[in-house]
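Student: I would like a close look at one part of this model, with attention to how its charged side chains are placed and what surrounds them. Please take the time to connect the local picture to the rest of the chain.

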Amino acid sequence: MNFNILNPWNPGILEGRLPNNLLQDLKQRVLNQDSKKNKYNSQLVAYIKEEYQYPYETHPELCFFLLNMYETWRQKFNVDNPLQASQIPIVNDVWVNCQEKGEYNPNHNHGGSASFVIWVNIPYDIEKELDVDYYTKQNDRLKKAAFEFTYSTLTNGINTMTLWVNKSDEGKILMFPNKMIHCVYPFTTSDDTRISVAGNMAILNKF
């Protein structure tokens with residue numbers, strides 16, 4: 001007997017990596033005090049003290065990279081593809097998260113069409129994070145310093161996809177559906193700052 005598998009449509013997650021010169025430029029810009037003028041905490045849900053709107057309009061190389069990745073994401077997952085003549089893809093919003101030890105970002109989603117996160121600076125060693133047991137919970141180590149997606153299944157269950165972010169992930173970018181629930185767990189073994197750049201992509205109707 002022959003059987004075929006039917007996969008219901010569902011947009012997914014696209015992973016990439018910034019070229020090193022773009023990563024170093026981005027890192028230098030986010031560490032510049034001038035980029036920290038516009039506090040953005042009021043627009044975000046994170047329990048993170050230092051969050052800033054990023055002036056992406058002044059960084060054309062980053063916008064070029066994001067728009068190319070967004071085009072690939074839309075094509076791979078058949079989202080808003082093809083565009084109408086009146087539609088153009090845009091970078092919609094970008095901000096910087098400067099996460100300190102013990103801070104975290106609870107479950108949330110974004111606006112726009114697709115969202116992204118770029119890991120710019122990871123100050124800890126993930127193995128040291130996972131080895132520390134503060135609460136004597138057997139499964140506590142599974143979530144430390146993790147970035148985690150939560151999503152529903154076809155059987156109405158809830159699954160998670162847990163990513164343990166390490167120093168080697170600096171420069172990595174994920175692009176995912178804007179409504180996909182995600183969170184960031186706290187790290188505890190470093191006094192330095194974990195820096196990520198996040199934002200949204202959108203489709204603009206010209207008229």
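Student: Which residue has its backbone nitrogen 3.0 Å from a polar atom of the side chain of Glu129?

Tutor: The residue is Thr188, whose backbone nitrogen lies 3.0 Å from a polar atom of the Glu129 side chain, and since this is a predicted model, that distance, like the others below, is a computed value. Glu129 itself belongs to helix H3, which covers residues 126-131. A second polar contact, of 2.5 Å, joins the side chain of Glu129 to that of Thr189, and Glu129 is thus linked by polar atoms to Thr188 and to Thr189.

The wider surroundings of Glu129 can be described in the same way. When its neighbours within four places in sequence are left aside, Glu129 is in contact with Pro186, Phe187, Thr188, Thr189 and Ser190, and also with Tyr124, Lys144 and Ala145. Of these, Lys144 deserves a separate remark, for it is the nearest side chain of opposite charge to Glu129 and is 6.6 Å away. Glu129 is buried and yet has no salt bridge; because a salt bridge requires a nitrogen-to-oxygen distance within 4 Å, the 6.6 Å to Lys144 does not qualify.

Glu148 is a useful acidic residue to set beside Glu129. Glu148 is also buried, with a relative accessible area of 3%, but it does form a salt bridge, with Lys143, where the closest N and O atoms are 2.4 Å apart. Lys143, at 27% relative accessibility, counts as partly exposed.

The salt bridges number eight by the rule applied here, and two further pairs show how such bridges may be placed along the chain. Glu15 and Lys172 meet through their side chains at 3.7 Å, N to O, and this pair links distant parts of the chain, 157 residues apart, with Glu15 in strand E1 (residues 14-17) and Lys172 in strand E8 (residues 172-177). The two ends of that bridge are covered unequally: Glu15 counts as exposed at 55% relative accessibility, whereas Lys172 counts as buried at 16%. In the other pair, Asp25 and Arg29 meet in a salt bridge of 3.1 Å, N to O, and both lie in helix H1 (residues 20-31), four residues apart, or about one turn of the helix. Here both partners are partly exposed, Asp25 with a relative accessible area of 23% and Arg29 with 26%.

These local details sit within a protein of three helices and ten strands, whose elements run β-α-β-α-β-β-β-α-β-β-β-β-β from the N terminus on. Among contacts with a separation of 6 or more, 80% are between residues 24 or more positions apart. Of the 207 residues, 43% count as buried, and the accessible surface comes to about 11,800 Å², with 50% of it belonging to carbon and sulfur atoms. The radius of gyration is 18 Å, which agrees with the value near 17 Å that a compact globule of 207 residues would have, while the C-alpha atoms fill a box of roughly 55 × 50 × 30 Å along the principal axes.

To return to the part you asked about, Glu129 is a buried residue without a salt bridge, with the backbone nitrogen of Thr188 at 3.0 Å from a polar atom of its side chain and the side chain of Thr189 joined to it by a polar contact of 2.5 Å.

Key
Residues numbered from 1 in each chain as written. Predicted model: local features only at pLDDT ≥ 70, side-chain atom pairs only at ≥ 80, totals over all residues. Heavy atoms only, no water. Helix = DSSP H or I, 4+ residues; strand = E, 2+ residues; numbered from the N terminus. Buried < 20%, exposed > 50% of the residue type's maximum accessible area, 1.4 Å probe, protein only. Lys, Arg positive; Asp, Glu negative; His and termini not counted. Polar contact = N/O pair within 3.5 Å; in protein donor to acceptor, adjacent residues only side chain to side chain. Contact = heavy atoms within 4.5 Å. Rg over C-alpha atoms; globule rule 2.2 N^0.38 Å. Areas by Shrake-Rupley, 256 points an atom, 1.4 Å probe, with all protein chains shown as cover.
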